[in-house]
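Here are my notes from a pass through this one, in the order I'd raise them over coffee. Have the viewer open while you read.

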Amino acid sequence: MSAFKSDFLRTLSERGFIHQISDETGLDDLFAKETVTAYIGFDATARSLHAGSLIQIMMLHWMQKTGHRPIALMGGGTSMIGDPSFKDEARRLLTPADIDANLAGIRRNFEPYLAFGDGPRDALMVNNADWLMSINYVNFLRDVGRHFSVNRMLSFDSVKLRLDREQSLSFLEFNYMILQAYDFVELNKRHGCRLQMGGSDQWGNIVNGLDLGHRMGTPQLFALTSPLLTTSSGAKMGKTASGAVWLDPEMLSPYEFWQYWRNTEDADVGRFLKLYTTLPMDEIARLQALGGAEINEAKKTLATEITALLHGRQAAEQAAETARKTFEEGALAESLPTVEVPAASLEAGAGILSLFVTAGLAGSNGEARRQIQGGGVRLNDQPVSDDRRMVTSADLTPEGVVKLSLGKKKHVLVRPV
């Protein structure tokens, strides 16, 4: 680990954020002597980011925390194309209306982590549609396109991987890396931005921006990438068998978000505490040293701290208390995820399989049937062995709900309305 002079790079280094830097000494000197502006780009492919983006959001958070100015660049323009990097096939093209709706949702994801405003260290949210949508194509080719070598672009891993698999790479997608490089130059011109950060799969695209800046007369630009994260068992961060771990509470409740982090593998607890919480390093070292059953206390702390950053301390502690009541006391916690069904459907009787699908605990009747056959399904905490079991109003608890459980950790309340 390098002995960095600047608070920002020292913090990133000790917490495990750094994979590669274009000029370590030059960037460290820059951060040590002045307020630096840096950006990370986020394309608007959904109406919320998911937990896979948290490492980038936390890099921007630490940047502001150590006295610098972060830019969250919204890809309103580049989302019209879609980043082809390491993708097996072209992304679905989004309409401008889709993109605007997605941008409105994504903006809310950042508010808990960054302080936005007009001050010299206040975070900025910028949309690359502001300059990309008004480009004159012929002028752009003359002024910018002439600086790019197609031979070099074909050598990037992100492109080579696609070509090696004999998947066609459209000219539309090939332009993406040129537009991303141009974003860096434009952000330098408009906001004095000197650094682009991103995941290690973006290294080629970011270095393109450094080269373009050099050819177009900007001050020296810098690149910093973070490692691409998977769990110890190789699973991709932010994805589960039942879908993405969204940062929007309307798409994933604070309780379900908390539960995702509570289920962290033992080997990942220390690493995730460094990356995803703001706990001091000595406290992380103490939690990381816990072994045996005590590791569960470290996982609860991890889940609560990450949830508190995004959803607030009250929601995080309520989620922890819901889990404690559900798992340790066996009580019915009213704040468990809830789905509403017409009261008439329970009066007539609803099949257990379809109810599990409605509750989001299974993707199909067949999947629910397999879970029952495997002994993983409970109704009001009682095992279910009959896949033809009907659930009726007689199954309602005193609280007026039906509790469905899959395994030990997934619970949903069904409430008739």
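**Notes on rings, helix contacts and a few single residues**

1. Let's start with two aromatic side chains: Phe272 and Tyr276 are both buried. Keep in mind that this is a predicted model. The two residues sit in helix 13, which spans residues 269-276, and they are four residues apart, about one turn of the helix.

2. How many aromatic pairs are there? Taking ring centres within 6.5 Å as the criterion, the count comes to nine aromatic pairs. In one of them, Tyr260 and Trp261 have ring centres 4.9 Å apart and planes at 80°, and since over 60 degrees counts as edge-to-face, that is what this pair is. Tyr260 is buried, and Trp261 is buried too. Back in helix 13, the rings of Phe272 and Tyr276 have their centres 5.5 Å apart with the planes at 70°, so this pair is edge-to-face as well.

3. Which residues do the ring pairs link into a cluster? They are Phe257, Tyr260, Trp261, Phe272 and Tyr276. If you want to look at both pairs from point 2 in a single view, this cluster contains them: Tyr260 with Trp261, and Phe272 with Tyr276.

4. Next, the neighbour of helix 13. The axes of helix 13 and helix 14 (residues 281-288) come within 9 Å and cross at roughly 160°. Angles over 145 degrees count as roughly antiparallel, so helix 13 is roughly antiparallel to helix 14. The crossing of these two helices is right-handed. On the helix 13 side, the contact is made by Gly270, Leu273 and Lys274, and helix 14 brings Met281, Ile284, Leu287 and Gln288. By residue class, the contact of helix 13 with helix 14 has four nonpolar, two polar and one charged.

5. There is another helix pair to check. Helix 10 (residues 176-191) and helix 11 (residues 203-215) have axes that come within 8 Å and cross at roughly 55°. That angle makes helix 10 oblique to helix 11. The crossing here is right-handed. From helix 10 come Met177, Gln180, Ala181, Tyr182, Phe184 and Val185, which meet Asn205, Ile206, Asn208, Gly209, Leu210, Leu212 and Gly213 of helix 11. The contact of helix 10 with helix 11 divides into eight nonpolar, five polar and no charged residues.

6. Is Gly198 buried or exposed? Its relative accessibility is 5%, and the cut-off for buried is under 20%, so Gly198 counts as buried. You'll find Gly198 in strand 5, residues 195-199. Leaving aside residues up to four places away in sequence, Gly198 touches Gln56, Ile206, Leu224, Thr225 and Ser226. One of these, Ile206, also turns up on the helix 11 side of the contact in point 5. As for Asp98, which is 100 residues from Gly198 along the chain, the two C-alpha atoms are separated by 24 Å.

7. Glu14 belongs to helix 1, residues 7-15. With a relative accessible area of 35%, Glu14 is partly exposed. If you like distance checks, try Glu14 against Gly213: they are 199 residues apart in sequence and 30 Å apart in space, C-alpha to C-alpha. Gly213 is one of the helix 11 residues that meet helix 10.

8. Last one: where does Asn151 sit? It is in helix 7, residues 150-155. Asn151 has 64% relative accessibility and counts as exposed. For another distance check, the C-alpha atoms of Asn151 and Ala303 are separated by 47 Å, with their positions 152 residues apart along the chain.

Key:
Residues are numbered from 1 along each chain as its sequence is written. Side-chain values use heavy atoms; hydrogens and water are left out. Rings of Phe, Tyr and Trp (its six-membered ring) pair if their centres lie within 6.5 Å; planes under 30 degrees apart count as stacked, over 60 as edge-to-face and the rest as tilted. Buried means under 20% relative accessible area, exposed over 50%, partly exposed in between (1.4 Å probe, protein chains only). Axes are lines fitted to C-alpha atoms, for helices over the stretch in contact, and angles run from 0 to 180 degrees between N-to-C directions. Angles under 35 degrees count as roughly parallel, over 145 as roughly antiparallel, 65 to 115 as roughly perpendicular and the rest as oblique. A crossing is left-handed if the near helix is turned anticlockwise from the far one by less than a right angle, and right-handed if clockwise. Contact means heavy atoms within 4.5 Å. Ala, Val, Leu, Ile, Met, Phe, Trp, Tyr, Cys and Pro count as nonpolar, Asp, Glu, Lys and Arg as charged, and the others, Gly among them, as polar.
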